[in-house]
Amino acid sequence: MQIILVPRARKVPKTLDLADRRLRWRLLGVAAAAILACAGLGAGVAMAVASPRDRALAEIGRLQQRVKQQDGQLGDMREDARRQLDALAVKLGQLQAQSTRLDALGEHLAEVGKLDSREFDFDQPPPMGGVEDSAGGSYPLPKSLDEGIERLASRFDSQQAQLAALQSLLQDARIDADLKPTGMPVRGGYISSYFGLRPDPFNGRIARHTGLDIAVPAGTPVRAVAEGMVTFAGVRGGYGKVVEIDHGNGYMTRYAHNSKLLVHPGERVRVGQAISRVGSTGRSTGPHVHFEVWYKGRVLNPLAFVRKHR
Ligand SMILES: [Zn+2]
């Protein structure tokens, strides 16, 4: 077999004799090279076209995996948050119960302290002003829970303010009680003469007795019936050795006919403190304490005070 190649330019045909062994090998080599080149090119083109898609697909697969993971985590978080919210709701309930108990306690205290109940309405927020302080950036809570916490917080604020006011009022009341003449200036004995008009024990003429006489053995301690300051301790006419105490709230008490004085002017005395010893100095017929109570310059019947107890 012979293949005759005729190039256009040269017009001279070239003869390839396929019977020639060397030529056949050469053509085979050329053909093999051409096939290999085509295959390589095809693979290259296929690679160039398919590779981004595969990469994208692989990427999508990874992303799907991550989304799945994160969805799982979100589920866990949601479950955690739900559990925490449940716990928070329980805590809120407990705090509300405590707040209710505080209300009851406050009302009880106001009653005990005989305070104006309108002033201490523990159900109402106390009147006050101020600029709103918004806590920005807080995690959004379910509306009902958030409102519950807000209400409770303002209720606690109100209770705190009211309890503080109540405390200071009760303390003032306690101090007032200590300053008010209460009880007997001596232990034991008996009332030998009351306050008011009576025949004078020395001349028999009707005279006003400005105090209460309590007969007790000489030497018995005489005690301050209220807290105060000694304004006089010495001899004063018919009173003999006498102690006078100013209680700072309009009240003054006087203890007369003592045998001995245990305090001096300017000294602060506590309730029940021994200030003197019973005697019979001044216009007196025997050992007794003559006890007077004065309020804003007027002498009062001490009986109203000695009958009370602390
Ligand atoms: Zn008297």
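**A friendly note on the pocket and the zinc site**

1. Let's start with the largest pocket, which holds about 420 Å³ of space. Keep in mind as you look around that this is a predicted model.

2. What lines this pocket? The lining of the largest pocket is made of 22 residues, and those nearest its centre are Arg198, His209, His257, Arg283 and His290. Strands E5 (206-209), E6 and E13 are the elements that each give two or more residues to this lining. Sorted by class, the lining has 10 polar, 6 nonpolar and 6 charged residues.

3. Now find the zinc ion. Which residues coordinate the zinc ion? They are His209 through NE2, Asp213 through OD and His290 through ND1, at 1.9 to 2.2 Å. Two of these names may be familiar, since His209 and His290 are also among the residues nearest the centre of the largest pocket.

4. Try reading the donors along the chain: their spacing follows the pattern H-x3-D-x76-H. Asp213 belongs to strand E6 (residues 212-215) and His290 to strand E13 (residues 288-295), so this pair ties together parts lying 77 residues apart in sequence. Are these two buried or exposed? Both Asp213 and His290 are buried.

5. Finally, have a look at the strand pair E4 and E5. Strand E4 (residues 196-199) runs antiparallel to E5, and the two pair over 4 bridges. Within this pair, Arg198 stands opposite Ala207 of E5. The two strands make a hairpin with 6 residues between them, and in its turn Gly204 has a positive phi of about 80°. Arg198 also takes us back to the pocket, as one of the residues nearest its centre.

Notes
Residues numbered from 1 in each chain as written. Predicted model: local features only at pLDDT ≥ 70, side-chain atom pairs only at ≥ 80, totals over all residues. Heavy atoms only, no water. Donors = N, O, S within 2.8 Å, 3.2 Å for Na, K, Ca; no water. Buried < 20%, exposed > 50% of the residue type's maximum accessible area, 1.4 Å probe, protein only. 1 Å grid on protein atoms, 1.4 Å probe; cavity = no way out; pocket = protein on both sides within 12 Å on 5 of 7 lines; lining within 4 Å. Points joined across faces, edges and corners; volume = space filled by probe spheres on them. Nonpolar A, V, L, I, M, F, W, Y, C, P; charged D, E, K, R; others polar. Pairing = 2+ DSSP bridges.
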